[in-house]
Structures are given as C-alpha cells and as structure tokens.
Amino acid sequence: MFTDVHEAIAYIESKRSKRSIDAFRDTLNKCHILMKQKNMIHIAGTNGKGSTTNYIRSVLQNAGYKVATFTSPVLVTRLEIMRINNQHIQEDEIITYANRYMDLCLEYELSMFEIEVFIAIMFFIKHRVDFAVFEVGLGGDLDATNIIYPMICANTNIGLDHVEYLGNTYEQIARTKAGIVKEGIPYVTGEKKSECLNVFQNICDKLHSPLIQTRHIENIQDHGYYLTYDYRHYHVRLNTSAIYQCQNSALAIEILEYLKEYEYLTYTDEQLLNGLLEAAWAGRFETVCQHPLIIIDGAHNKEGIEAFY
C-alpha cells in the first residue's frame with residue numbers, strides 16, 4: 001500500500017514491460033469500462049499536440065464545460081499528465097487509484113504509460129467530466145490512448161521523429177499516426193505534405209471516415225507580445241509570439257467547429273475567441289524574463305527546431 005505520492009509514481013515509472021495494446025483492453029474490460037463514449041477527442045501528430053489540446057480545453061472551459069485533458073510529457077510533476085479544467089490530479093487521489101488498481105495493472109503487465117492512461121480514465125469518470133481530450137503519447141496505432149473511441153480525432157502534422165519505432169519516411173510515419181482513425185469517425189489534420197495526405201485519404205476511405213483539412217490562415221500579424229490572424233469568420237488573437245501556434249489553434253478551431261456543427265457541443269464566438277486568447281501552455285515560447293528578454297521553448301526533432309526559429 002502506497003502512502004507517499006513519490007513512492008507511487010516511482011513504482012509506476014518502473015513498469016516498462018509491454019505486451020500489446022490488447023492486454024490494456026482486457027484490463028479495461030475486466031473493470032467493465034466501455035470506451036465508446038461520445039465525449040472524447042483524440043489528438044495525434046509529431047509536434048503541437050499539447051498546444052492543440054490546450055486550445056480546445058480553454059475554449060470548452062470558457063464555454064462552461066468541465067474538461068479533462070491527458071497530455072505528455074510533463075514540465076514539473078508527473079501529476080500534470082492528467083488534468084480537469086487545467087488542474088492536475090491531487091497527490092492523495094493518485095495514491096488512492098494506485099492502491100486500488102495496482103494489483104490488476106500488474107496482473108496484465110501494464111507499462112508505465114498504460115497505467116497512467118488507466119488512472120486518467122478512472123479519474124475522469126469519477127469526476128463526471130463533460131469532455132476529455134487525449135493526446136497520443138507515441139505514434140498512434142499501438143499507443144495506449146488508442147483504446148478510446150472518440151467523437152473526432154486529429155493529426156497536427158508529420159515529422160521525422162522516433163524513426164526507430166514509427167518508420168523512416170513521412171509516408172510510414174503518417175500511416176502509423178493515422179492508426180487512431182476509427183470507422184466512420186472524422187479525422188482532422190493540419191498536415192500539408194501531399195505524401196502524408198495521400199496516406200490519410202486512403203485510410204479514411206477504407207474506414208468511411210471523412211478527412212477534414214484545416215483552411216488557409218490569413219493576415220498573420222506579429223504584434224510583439226501577441227499574434228493576430230484571420231480564420232474562417234474569426235479574427236483571432238493569441239497571447240503568444242510563437243507563429244507556429246497559429247497552426248495549432250486553427251486546428252483546434254476546425255475540430256470545435258465540426259463538433260458545434262453536428263451539435264456535440266455549443267459555444268459563442270466570444271467564448272471561442274476568449275478561450276484561444278486565455279490559453280497558456282508553459283514551456284512553449286514562454287517569456288520568463290523581460291530584462292534581459294529570455295524566452296524558453298523546447299523541441300526534440302528537426303521540424304520542432306525549425307518552427308522555433
């Protein structure tokens with residue numbers, strides 16, 4: 001029995017064994033958890049997944065919804081991986097879940113990331129969230145988050161990243177990332193490379209899923225401490241000077257507009273614009289000092305570094 005959160009997290013982090021995603025499904029089935037709930041959004045891609053997730057969360061929260069997010073990696077504490085209305089799970093609660101379900105997780109030999117997804121699902125169910133946005137950890141088809149059956153899924157972009165696991169061409173990586181596409185579920189992407197779009201279209205056609213591409217972003221203006229641009233009928237303002245966030249927020253808009261059109265949710269233009277403006281994602285082109293000017297950002301692949309410059 002765990003009594004200390006650091007002990008619990010360290011134990012979870014030690015679980016590196018991995019059989020297949022089927023073992024994770026079996027774990028959920030034993031708990032009688034069905035993941036075909038129409039309140040989930042699934043976000044894959046090479047870069048920008050966390051930012052896109054956060055923009056969606058901020059808009060929905062601004063519209064009065066209770067919104068859960070599952071994102072990785074983390075900046076300060078492993079507790080940040082699962083949040084409700086941008087507040088991470090508390091220490092006593094994660095200890096409770098670890099003590100209650102660890103024997104089951106060990107029985108099915110779940111990995112660290114699978115255990116975290118499992119706890120997140122339990123956390124979100126207990127608190128009766130209105131919507132849950134899951135960011136893919138790695139790849140798509142075999143990722144632990146791919147046990148959910150969302151109302152919409154998306155891909156931010158495709159870059160040459162984790163090639164030892166995902167493939168060493170854009171086409172191969174696109175095929176792996178698109179492994180989250182489900183039968184009849186719309187797939188939204190901000191990717192523009194034709195070789196990736198061809199892969200997406202082929203997979204969506206086979207699964208009878210509509211492929212939706214983000215539209216052209218117009219009139220991007222850098223005002224120093226904030227950005228503005230035009231997208232659809234919106235004049236968007238972002239509280240960042242990172243140009244790449246225009247693409248991530250536009251993808252969030254496209255996802256939200258689809259869900260609004262098909263009456264999964266509702267919000268006003270003002271709530272959408274305020275949500276985008278109020279969204280803050282620590283560690284992403286974040287100004288931590290004005291004199292001297294210090295901006296921190298991070299990337300782990302070529303495309304991410306190029307976006308920084």
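## Exercises: rings, charges and a buried threonine

The charged end of Arg 237 sits over the ring of Tyr 226, 3.6 Å from its centre. Here that needs CZ of Arg or NZ of Lys within 6 Å of the ring centre and within 35 degrees of the ring normal. Keep in mind that this is a predicted model, where local features need pLDDT of at least 70, side-chain atom pairs count only at pLDDT 80 or more, and totals for chains, interfaces and linings use all residues. Residues are numbered from 1 along each chain as its sequence is written, and side-chain values use heavy atoms, with hydrogens and water left out.

**Exercise 1.** Work out which ring Lys 260 lies over, and at what distance from the ring centre.

*Solution.* Go to Tyr 267: Lys 260 lies over its face, 4.6 Å from the ring centre.

**Exercise 2.** Describe the surroundings of Thr 156, and decide whether it's buried or exposed.

*Solution.*
- Step 1: check accessibility. Thr 156 has a relative accessible area of 5%, so it's buried (under 20%; exposed is over 50%, partly exposed in between; 1.4 Å probe, protein chains only).
- Step 2: list contacts (heavy atoms within 4.5 Å). Leaving out residues up to four places away in sequence, Thr 156 touches, among others, Gly 45, Lys 49, Glu 191 and Leu 251.
- Step 3: look far along the chain. Ala 252 is 96 residues away, yet its C-alpha atom is 9.5 Å from that of Thr 156.

**Exercise 3.** Find out whether Tyr 187 and Phe 200 are buried or exposed.

*Solution.* Apply the cut-off from Exercise 2: both Tyr 187 and Phe 200 are buried.
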